[in-house]
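Subject: Structure handover

Hi,

Here is the structure I promised to pass on to you. Please open it next to this note, and I will walk you through what turned up.

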Amino acid sequence: MFKSLTYLWLACLCLPWLMGAAHPFFLSITKIAHNPKTAALEVWIKLDTENIEQVLEEQSGLKLLIGESNELAIADSLVENYLRNVFQ
């Protein structure tokens with residue numbers, strides 16, 4: 001009986017880790033606010049760099065190295081163009 005409970009306990013501990021490994025999740029945060037002084041909508045987007053970098057590298061075929069000291073010079077413009085296309 002004790003051995004069965006031990007295996008069940010270990011399975012319960014490992015299950016969330018295994019599910020996380022099999023099903024990764026990604027997080028981004030978007031904030032939209034109206035600025036009454038300029039009468040404009042302001043949009044802030046906080047992205048996980050790994051996710052956006054992967055998409056842009058697949059589209060461009062370039063290794064962008066976002067956030068690293070040897071980041072490609074066109075990385076910012078690729079991110080901006082991507083976001084403008086997504087949020088049309």
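**What I found**

Let me start at a turn in the chain: just after helix 2, G61 adopts a positive phi of about 75 degrees. Please keep in mind throughout that this is a predicted model.

**The overall layout**

The protein has three helices and two strands, and from the N terminus on they follow the order α-β-β-α-α. Of its 88 residues, 11% count as buried. The accessible surface comes to about 7,600 Å², and carbon and sulfur atoms account for 63% of that. As for contacts between residues at least 6 apart in sequence, 16% of them join residues at least 24 apart.

**Helix 2 and the core**

Helix 2 covers residues 49-60, and its length makes a handy check on geometry. With 12 residues at 1.5 Å a residue, the helix should span 16 Å, and its end C-alpha atoms are indeed 16 Å apart, so the two values agree.

Which residues of helix 2 are buried? They are N51, I52, E53, L56 and E57. The partner they pack against is helix 3, residues 75-86.

Two of those helix 2 names come back in the largest nonpolar core, which consists of five residues: I52, L56, L64, I66 and A75. As a general point, nonpolar side chains in soluble globular proteins tend to be buried together. Within this core, I66 is a good residue to click on. Leaving aside residues up to four places away in sequence, I66 touches T49, I52, E53, E71, A75 and V79.

E53 deserves a look of its own. This glutamate lies in helix 2 and has a relative accessibility of 13%; it counts as buried because that is under 20%. Not counting residues up to four places away in sequence, E53 touches L64, L65 and I66. E53 and L64 are 11 residues apart along the chain, yet their C-alpha atoms are separated by 6.8 Å.

**Two salt bridges**

The structure holds two salt bridges. In general, side chains of opposite charge can pair when their charged atoms come close.

One links the side chains of K63 and E57, at 3.8 Å from N to O. How do its two ends stand, buried or exposed? K63 counts as exposed because its relative accessibility is 55%, whereas E57 counts as buried at 18%.

The other salt bridge joins R84 to E80, with the closest N and O atoms 3.0 Å apart. Both residues sit in helix 3, four residues apart, which is about one turn of the helix. An α-helix has 3.6 residues a turn, so residues three or four places apart point the same way. R84 is exposed, with a relative accessible area of 54%, while E80 is partly exposed, with 41%.

**Backbone points to check**

Most residues other than glycine have a negative phi. Two residues here are worth viewing with that in mind.

A39 is not a glycine, but it has a positive phi of about 55 degrees. You will find A39 in the loop between strand 1 (29-35) and strand 2. With a relative accessible area of 61%, A39 is exposed.

L65 is not a glycine either, and its phi is positive at about 60 degrees. L65 belongs to the loop between helix 2 and helix 3. Is L65 buried or exposed? At 18% relative accessibility, L65 counts as buried.

**A nonpolar patch on the surface**

Finally, have a look at the outside of the protein. I32, L41 and V43 form a nonpolar patch on the surface, and together they have about 320 Å² of accessible area. V43 lies in strand 2, residues 40-46. At 47% relative accessibility, V43 counts as partly exposed, because that value falls between the 20% and 50% cut-offs.

Happy viewing, and best wishes

Key:
Residues are numbered from 1 along each chain as its sequence is written. This is a predicted model: local features need pLDDT of at least 70, side-chain atom pairs count only at pLDDT 80 or more; totals for chains, interfaces and linings use all residues. Side-chain values use heavy atoms; hydrogens and water are left out. A nonpolar core is a set of buried Ala, Val, Leu, Ile, Met, Phe, Trp, Tyr and Cys residues joined through side-chain atoms within 4.5 Å. Buried means under 20% relative accessible area, exposed over 50%, partly exposed in between (1.4 Å probe, protein chains only). Contact means heavy atoms within 4.5 Å. Accessible areas come from the Shrake-Rupley method with a 1.4 Å probe; for residues, only the protein chains shown count as cover. The expected span of a helix is 1.5 Å times one less than its number of residues. Patches are made of residues with over 30% relative accessible area and no salt bridge: like charges are joined within 9 Å, nonpolar side chains (Val, Leu, Ile, Met, Phe, Trp, Tyr) within 5 Å. A salt bridge is a side-chain nitrogen of Lys or Arg within 4 Å of a carboxyl oxygen of Asp or Glu.
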